[in-house]
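Let's take a walk through this model together, starting from a single residue and working outwards. Please have your viewer ready.

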Amino acid sequence: MNWDNLAFVVFPYISLTTFTVGHAYRYATDPFHWNSRSSEILEKDRLKYASIFFHYGVVFTFFGHFAGLLIPQKLLTALGITPAIHMRIALVSGMLFGLLALVGAALLLWRRLGRQRVLRHSSMNDLVTLGLLAAVIALGTYNVFFGHCDVLDTVAPWIRSILTLSPAPGLISSVPLTYKLHVVAALALLGFSPFSRLIHIWSVPVPYLYRSNIIYRQRRAE
Amino acid sequence: MKIKAQIAMVMNLDKCLGCHTCSIPCKNVWTNRQGAEYIWYNNVETKPGIGYPKNWENQQLWKGGWSLGKKRPVLRSGGHTKKFAGIFHNPDLPLIDDYYEPWSYDYGKLIESPRRRRQPGVRPKSLITGENMRIKWGPNWEDDLAGADVTGREDVNFEGLEKEVYLQFQNVFMLHLPRICEHCLNPGCVASCPSGALYKRDEDGIVLVDQQRCRGWRYCVSGCPYKKVYYNWKSGRSEKCLFCYPRIEAGLPTLCAETCVGRIRYIGVMLYDADRVCEAAAAGGEKELYKAQTDLFLNPNDPAIASAAAAAGIASHMIDGAKNSPVYKLAVEWRLALPPHPEFRTLPMVWYIPPLSPIANLAGNAEGTHIVDRLRIPVRYLANLLAAGDEDTVRLALKKLMALRDYMRARRGAAAPESPGADALLEEVGLTPAMADEMYGLLALAKYRDRFVVPTVQKEEVGDLHRDRGMCGFPPGSQGMEDD
């Protein structure tokens with residue numbers, strides 16, 4: 001087994017398995033710790049811009065990856081988005097939101113390590129999570145600015161091959177190292193996320209947008 | 001009409017001596033955990049002052065509670081969409097320093113110190129960082145007016161008054177304000193919670209945080225204008241006063257009320273019309289909110305109301321409790337108790353009887369109830385605190401208390417037993433001798449069984465209390481003390 005098989009066939013499935021099984025396990029066994037673990041009450045001056053930049057950057061980057069990598073190019077071409085246009089959109093939005101997320105992550109690190117109160121309150125888990133996030137974002141932002149690689153015919157079809165259970169590691173073997181590192185770091189983060197504070201992503205309070213103001217609950221609802 | 005029952009409290013500020021005895025059992029039972037050191041479900045403040053957390057009453061600063069929209073009350077800090085879009089940062093959340101940084105002392109030094117010429121000392125250590133710290137603020141920093149010449153200037157209740165005059169030493173006045181969660185009819189915290197973790201209990205109106213659903217978004221903390229929802233910095237979830245619901249269910253008063261040395265607290269059931277809550281909270285003028293809220297309350301001794309309540313599914317013991325409710329008497333029948341800061345539009349349910357000031361030097365003057373305007377505590381100040389600035393509401397309550405004093409003094413032989421003067425004073429403020437006798441019993445004698453009319457919950461309604469004992473919403477093994 002060569003390194004590419006290990007990193008781009010075995011590792012993705014390990015990561016995706018822990019991702020799905022891990023979330024289900026955590027939700028079933030530990031609902032009490034399912035929250036965002038905010039430390040805003042301890043420090044909010046540095047957090048303000050750090051959190052806003054980071055979250056908006058990451059949210060838009062996430063949707064960008066989702067749309068750009070998972071939707072087959074054939075479908076997009078049918079909709080009038082040629083590969084050239086697709087790449088232009090991906091690069092411009094990637095530069096903008098990637099940079100936003102990178103600045104945010106750097107500010108978050110600066111805050112977490114530089115403020116005694118926050119640092120003392122941080123677990124190793126928190127530090128690993130933030131470190132991994134910063135690494136993934138930094139590699140991704142580097143790629144979008146300095147890497148020159150056609151991901152539409154390499155990384156994108158490889159991801160789809162993984163998700164359709166017909167792995168084709170050959171598709172990704174030719175991309176530059178920084179792209180490979182970005183992918184591996186992102187997979188590591190994905191596999192680790194169910195055991196970190198990142199689970200709060202799944203609690204996006206969408207029902208809040210349409211619920212009434214006051215909630216009454218019977219003493220014994222169940 | 002949709003009738004609901006609410007367990008409510010009245011505190012008689014006229015008798016509060018500011019001893020903090022209420023805070024201690026509450027602290028010992030509910031918030032003696034890591035992350036909750038700074039949390040006081042019950043605290044006692046001295047007014048004038050800015051309170052705990054700092055300036056909590058100033059909604060220009062904290063944006064808690066509701067303001068009046070076009071027709072309905074709207075959350076002052078923004079509606080659901082704005083909160084959703086801004087969920088990554090809550091600009092209105094107080095910092096822990098606005099409450100105080102919790103600390104302890106390394107007492108071990110006292111016994112481990114080697115023999116020295118001087119006594120060993122202990123230094124305050126932050127319970128957050130473990131480092132030495134300087135104590136700059138605490139939960140009762142302004143106790144008995146400590147530093148009021150500095151902080152008192154920021155007290156918003158001085159609106160319309162020359163605060164410099166009242167903060168001079170010879171004019172200064174003081175009152176104690178014990179505070180718990182208001183368990184509002186229109187709670188800002190519940191409306192602010194994105195996860196829907198906060199809710200109002202249908203049976204008794206107690207507002208609780210579902211600890212398993214709280215995701216730590218913290219909007220409840222900023223949404224509460226009384227700042228009575230707290231964020232546990234260790235567990236990452238919000239907590240608040242539970243109105244000691246396990247005790248209430250067992251027919252016992254809350255810990256703060258049970259232990260009150262001055263017997264200032266009253267607990268009882270109120271019936272109200274839940275359909276008109278929104279309408280009442282949207283009353284046009286701020287001064288109309290008090291009346292709008294009292295209009296929500298239904299008379300449980302009206303047979304039509306009692307049968308409608310039974311038809312609405314309210315348990316018979318709750319209706320019986322409402323009929324004997326001391327809160328109903330104090331708030332509705334006698335109009336002695338008033339809601340704190342009704343202008344926040346949350347329709348609070350822990351009310352206060354305004355305090356008379358020391359009046360020894362005025363006693364014996366045949367001025368009757370008119371001296372309420374010459375008391376040491378300016379009526380305007382109390383009106384800003386308890387009636388959105390409506391002085392007449394406060395004045396009437398104070399006059400009733402004065403008339404009651406004169407009436408009882410007359411009965412005790414200071415004047416002829418059937419003194420027409422005292423009876424006339426009663427009549428002037430709309431009381432009868434029979435009402436005065438009952439008021440005397442409830443306010444002055446304040447027997448345990450009269451102060452607390454708490455209907456016991458039927459066992460069938462609450463499941464296995466024996467299994468749940470000591471947990472109160474926290475699932476097994478997760479009392480917030482875990483180390484992760």
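Is D97(B) buried, exposed or partly exposed? Counting neighbours settles the matter: 14 other C-beta atoms lie within 10 Å of D97(B), and because a residue needs 20 or more to be buried and 12 or fewer to be exposed, D97(B) comes out as partly exposed. Keep in mind that this is a predicted model, so the count is computed from predicted coordinates. As for its place in the fold, D97(B) belongs to helix α4 of chain B, which covers residues 96–99. If you would like a sense of scale, pick D204(B) as well: it sits 107 residues from D97(B) along the chain, and 34 Å separate the two C-alpha atoms.

Now zoom out to chain B as a whole. Its secondary structure consists of 23 helices and 14 strands. The radius of gyration of chain B is 23 Å, close to the 23 Å expected from the globule rule for 484 residues, so chain B is as compact as a globular protein of that length. Measured out along the principal axes, the C-alpha trace of chain B extends over about 75 × 65 × 45 Å. Of its 484 residues, 49% count as buried. The contacts in chain B tell their own story: taking those between residues at least 6 apart in sequence, 69% link residues at least 24 apart.

Chain B can also be read as domains. Domain 1 takes in 1–74 + 141–353 + 451–466, while domain 2 covers 358–431. Their centres, taken over C-alpha atoms, are 27 Å apart. Where the two touch, 24 residues of domain 1 of chain B are in contact with 18 residues of domain 2 of chain B. On the domain 1 side, the elements giving two or more residues are α13 and β14 (350–353) of chain B. That side is made up of 15 nonpolar, three polar and six charged residues.

Helix α13 deserves a visit of its own. In this helix of chain B, residues 289–296, you will find L289(B), Y290(B), A292(B), Q293(B) and L296(B) buried. Why do the buried residues of α13(B) line one face of the helix? Looking down the axis of α13(B), they fall within an arc of 165°, so they line one face.

Finally, let's see how the chains meet. The contact draws 36 residues from chain A and 42 residues from chain B. On the side of chain A that touches chain B, α2 (45–70), α5 (116–121) and β1 of chain A each supply at least two residues. The most comes from α2(A), with five residues. By class, this side of chain A has 14 nonpolar, 12 polar and 10 charged residues.

Strand β1 of chain A leads to one more feature that spans both chains. Three strands make an open sheet in the order β1(A)-β8(B)-β9(B), with mixed pairing. Its edge strands are β1 (216–217) of chain A and β9 (207–209) of chain B, each pairing on one side only. Between β1(A) and β8(B), residues 198–201, there are two bridges, and these strands run parallel. To find one of the bridge partners in your viewer, select R217(A): its partner in β8(B) is R201(B).

Key
Residues numbered from 1 in each chain as written. Chains lettered and ligands numbered in written order. Predicted model: local features only at pLDDT ≥ 70, side-chain atom pairs only at ≥ 80, totals over all residues. Pairing = 2+ DSSP bridges. Helix = DSSP H or I, 4+ residues; strand = E, 2+ residues; numbered from the N terminus. Arc of directions from axis to C-beta. Rg over C-alpha atoms; globule rule 2.2 N^0.38 Å. Contact = placed C-beta atoms within 7 Å. Nonpolar A, V, L, I, M, F, W, Y, C, P; charged D, E, K, R; others polar. Domains from an automatic or database assignment.
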